[in-house]
There are 2 protein chains.
Amino acid sequence: MRKVGIIGVGHSKFGVRNDVNMNELVLESFKPALDEANIDLKDISFLVVSNVGLWSSEELPAITIAEYLGLTGKGAMRIEAACASGSAALKVAHDMISSGEAEIVAAIGVEKMNESFTPNVVEIIGRAGNYFWEFENFGMTFPGYYAMYATAYMSVYGATEEDLGEVAIKNHFYGAKNPLAHFQKEITMEDYLKSKYVAWPIKLLDSTPISDGAVTVILASEDAIRKIGSKDVIWIKSIGYSTDTSNLSKRSDFLSLEAARRAAEIAYKKASIDPSKITNLIDVAEVHDCFTIAEILAYEDLGFFKRGEGFLALREKQTYRGGKIPVNLSGGLKAKGHPIGATGLSMIAELTKQLKRQVEKSRQADIKNGWALAHNVGGTGHYAYVTILSTEK
Amino acid sequence: MRKVGIIGVGHSKFGVRNDVNMNELVLESFKPALDEANIDLKDISFLVVSNVGLWSSEELPAITIAEYLGLTGKGAMRIEAACASGSAALKVAHDMISSGEAEIVAAIGVEKMNESFTPNVVEIIGRAGNYFWEFENFGMTFPGYYAMYATAYMSVYGATEEDLGEVAIKNHFYGAKNPLAHFQKEITMEDYLKSKYVAWPIKLLDSTPISDGAVTVILASEDAIRKIGSKDVIWIKSIGYSTDTSNLSKRSDFLSLEAARRAAEIAYKKASIDPSKITNLIDVAEVHDCFTIAEILAYEDLGFFKRGEGFLALREKQTYRGGKIPVNLSGGLKAKGHPIGATGLSMIAELTKQLKRQVEKSRQADIKNGWALAHNVGGTGHYAYVTILSTEK
């Protein structure tokens with residue numbers, strides 16, 4: 001098993017990007033990644049594209065992107081694992097290099113959601129559970145599912161709506177400092193409590209926006225890294241993964257995403273990490289806060305805090321910069337935005353920059369050990385991927 | 001790089017399968033594959049699902065399939081590379097094992113196309129080129145593209161409509177002997193010449209049907225194979241890949257699929273095959289005959305016959321059983337059917353059985369060297385994958 005390093009990342013501005021088409025949006029992320037990697041187009045042998053695209057007329061996005069970037073002739077495929085597509089693409093690119101099948105691979109995540117008719121997009125996302133049973137028969141929608149998790153959590157552990165609000169406030173606080181974020185403004189508890197309910201207790205300000213965006217992560221083998229002479233490489237230590245039932249009615253409880261717990265277990269084991277000491281090791285994390293409750297569950301599923309205590313940690317600002325473990329210093333999905341196919345790779349690009357101390361000073365984590373973690377969920381915990389990065393090989 | 005073997009395959013009946021839902025259709029292929037592999041569900045660590053699904057309401061097919069098969073908790077993702085999705089999924093599963101990230105992976109290809117409103121499906125397939133330029137502006141459709149290849153080929157090399165018909169006649173001849181084929185009846189040249197034009201010179205009988213079907217291929221590492229004690233393993237020697245321009249107006253000519261030529265070149269090189277002796281080595285091949293002209297181009301792109309002589313070889317029945325190199329003894333996409341996401345893996349399942357001498361006697365190739373080749377194309381040569389299988393490790 002060959003080790004795999006990240007030699008270049010690029011990240012477009014997230015937001016409503018009707019100023020560019022999909023290919024141009026990708027180029028906005030690809031060009032800086034290629035420059036940073038210090039390689040030529042011909043050095044790339046495969047293009048792994050993460051894109052959900054259910055709202056798009058473009059049926060062959062990997063091909064049109066390859067043509068636009070000048071990568072025609074290379075290998076390509078598209079990967080989908082709902083909102084965890086970016087992490088799945090990272091795994092495919094990683095395994096391709098680790099196996100010896102490729103030396104340099106570009107993983108590209110992209111989503112253009114705002115060019116479609118918005119109610120269509122909202123309906124499609126709303127169906128991100130089991131279509132034929134729970135959506136068709138019971139009218140369960142995506143925010144409804146997370147509302148079930150929120151009410152269960154609040155009822156069992158005594159968290160309040162204000163506790164959910166603390167996630168939104170933190171992530172908007174950091175989003176305001178990230179020039180690539182969809183929303184670059186802070187919000188107050190008053191703003192939060194006044195925002196409209198989507199599915200009680202989930203409010204508009206608990207929810208991620210509908211964003212456009214693209215991210216490129218260029219991966220290379222140890223041999224290629226040596227040849228290029230890359231410095232400041234960030235290494236992929238492990239990628240854990242798991243799935244859960246399509247129907248939420250088959251889940252045992254609504255207090256945790258079991259798939260995320262299993263994905264973390266695999267990732268920690270592969271990277272030889274002692275789960276009980278995870279917060280001592282990880283300097284900074286990006287977690288999947290598609291709704292605010294999801295960030296609190298992530299704290300607990302990853303073992304950052306004990307079960308039922310995630311919201312208490314937030315009251316103590318333990319996941320702010322300078323706290324026990326800083327989380328979503330990018331603004332998270334909540335404020336940075338959530339262009340579905342790009343999200344998982346956005347986490348990787350952000351953490352790569354964090355580990356290299358290259359983000360804006362006001363949101364730069366203190367890098368002590370050089371380790372970072374990305375937690376990326378698809379659907380309501382249908383998919384989960386956990387990726388561990390490190391400055392050490 | 002660890003070697004990867006096929007330890008079990010399963011293949012559903014292809015056709016109009018409104019008697020089953022997607023999950024049940026998958027099970028029809030999964031159960032025999034699992035039985036043949038002689039493993040338990042718990043031994044599988046990842047599920048790579050090949051599915052295009054643009055006509056489906058099911059947004060998380062990999063998850064609903066995992067739940068139905070009892071594989072919830074395992075890793076999963078969906079792969080798309082148009083009509084080459086199945087080969088791309090095979091590559092992902094292969095690399096996962098080859099890298100040491102997994103021991104046993106199930107690659108599952110499935111497509112349910114007939115449950116949707118047929119004109120919708122036909123329109124979606126019709127757009128399988130570049131949407132925003134050539135489809136929207138010039139009204140180019142999928143059969144139209146292949147018609148351009150056919151007219152160019154006929155005009156330059158002197159092939160006739162009857163020569164295209166010979167492909168359809170051969171593939172229906174073998175489809176009639178394959179109980180899993182969509183069409184199990186022979187056709188005559190008279191039937192062929194009487195069939196309606198879709199886009200001159202492409203007729204209905206040059207075209208593949210709209211099929212439902214599922215295929216499972218279970219892959220394992222050398223270590224796992226040793227532990228299980230699997231006998232009669234078929235080994236993946238190499239997988240070559242390439243892409244071509246999204247816009248066909250940028251292609252240099254219409255006499256060959258350049259992506260297929262490059263994919264073959266990579267596959268031959270990785271497997272240390274001398275391209276000039278390919279027909280001496282390969283006992284049987286499955287090629288992507290989405291339209292009859294595509295099979296003739298495949299003969300030449302793979303180096304089975306010289307440029308401009310593929311149709312002559314067919315006149316001499318060189319690709320029938322007993323000929324220089326038997327092709328599509330399954331009936332090919334033309335008669336076996338083309339459930340898009342399942343097609344690439346269907347080729348692998350068929351060739352695995354051919355190499356193990358397990359198909360119906362009347363369509364069993366003479367296995368001398370124990371080598372086979374699958375050629376799988378997405379779009380109009382937008383994607384191409386070539387896979388080499390062998391009985392020897």
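Trainee: What makes F142(A), Y146(A), Y149(A), F254(A) and F291(A) a cluster?

Mentor: In this predicted model, ring pairs link these five residues of chain A, namely F142(A), Y146(A), Y149(A), F254(A) and F291(A). Over all chains, the count comes to 24 aromatic pairs.

Trainee: Why is the aromatic pair of F173(B) and Y174(B) called edge-to-face?

Mentor: The angle between the planes of F173(B) and Y174(B) is 80 degrees. An angle over 60 degrees counts as edge-to-face, and centres within 6.5 Å count as a pair. The centres here lie 5.0 Å apart, so both conditions are met.

Trainee: How do you know which of F173(B) and Y174(B) is buried and which is partly exposed?

Mentor: The relative accessible area decides, since buried means under 20% and exposed means over 50%, with partly exposed in between. Y174(B) has 2% and is therefore buried. F173(B) has 26%, so F173(B) is partly exposed.

Trainee: What makes Y299(B) and F305(B) an edge-to-face pair?

Mentor: Their planes are 65 degrees apart and their centres 5.8 Å apart. Set against the limits of over 60 degrees and within 6.5 Å, these values qualify. Both Y299(B) and F305(B) are buried.

Trainee: How do you know that C83(A) is in no disulfide?

Mentor: A search of the whole structure finds zero disulfides over all chains. For C83(A), the nearest cysteine sulfur is that of C290(A), at 6.7 Å, whereas a disulfide requires sulfur atoms within 2.5 Å. In chain B, the sulfur of C83(B) is 6.7 Å from the closest cysteine sulfur, in C290(B), and is therefore too far for a bond.

Trainee: Why is C83(A) called buried?

Mentor: C83(A) has 8% relative accessibility and so counts as buried, the cut-off being under 20%. C83(B) is buried as well, with a relative accessible area of 8%.

Trainee: What makes K177(A) a residue that lies over the face of F173(A)?

Mentor: K177(A) is 4.2 Å from the ring centre of F173(A) and lies over its face; the distance limit is within 6 Å. In chain B, K317(B) lies over the face of Y320(B), at 4.4 Å from the ring centre.

Trainee: Why is the contact of E80(A) with R78(B) called a salt bridge?

Mentor: The closest N and O atoms of E80(A) and R78(B) are 2.6 Å apart, and the limit is within 4 Å. Between chain B and chain A the count is seven salt bridges.

Trainee: How many residues of each chain are in contact, and what area is buried between them?

Mentor: In chain B, 54 residues are in contact with 54 residues of chain A. The area buried between the chains is about 4,800 Å², of which carbon and sulfur atoms give 53%.

Definitions and conventions. Residues numbered from 1 in each chain as written. Chains lettered and ligands numbered in written order. Predicted model: local features only at pLDDT ≥ 70, side-chain atom pairs only at ≥ 80, totals over all residues. Heavy atoms only, no water. Buried < 20%, exposed > 50% of the residue type's maximum accessible area, 1.4 Å probe, protein only. Phe/Tyr/Trp six-rings, centres within 6.5 Å; stacked < 30°, edge-to-face > 60°. Lys NZ or Arg CZ within 6 Å of the ring centre and 35° of its normal. Contact = heavy atoms within 4.5 Å. Buried area = accessible area lost by both parts, 1.4 Å probe. Salt bridge = Lys/Arg side-chain N within 4 Å of Asp/Glu carboxyl O.
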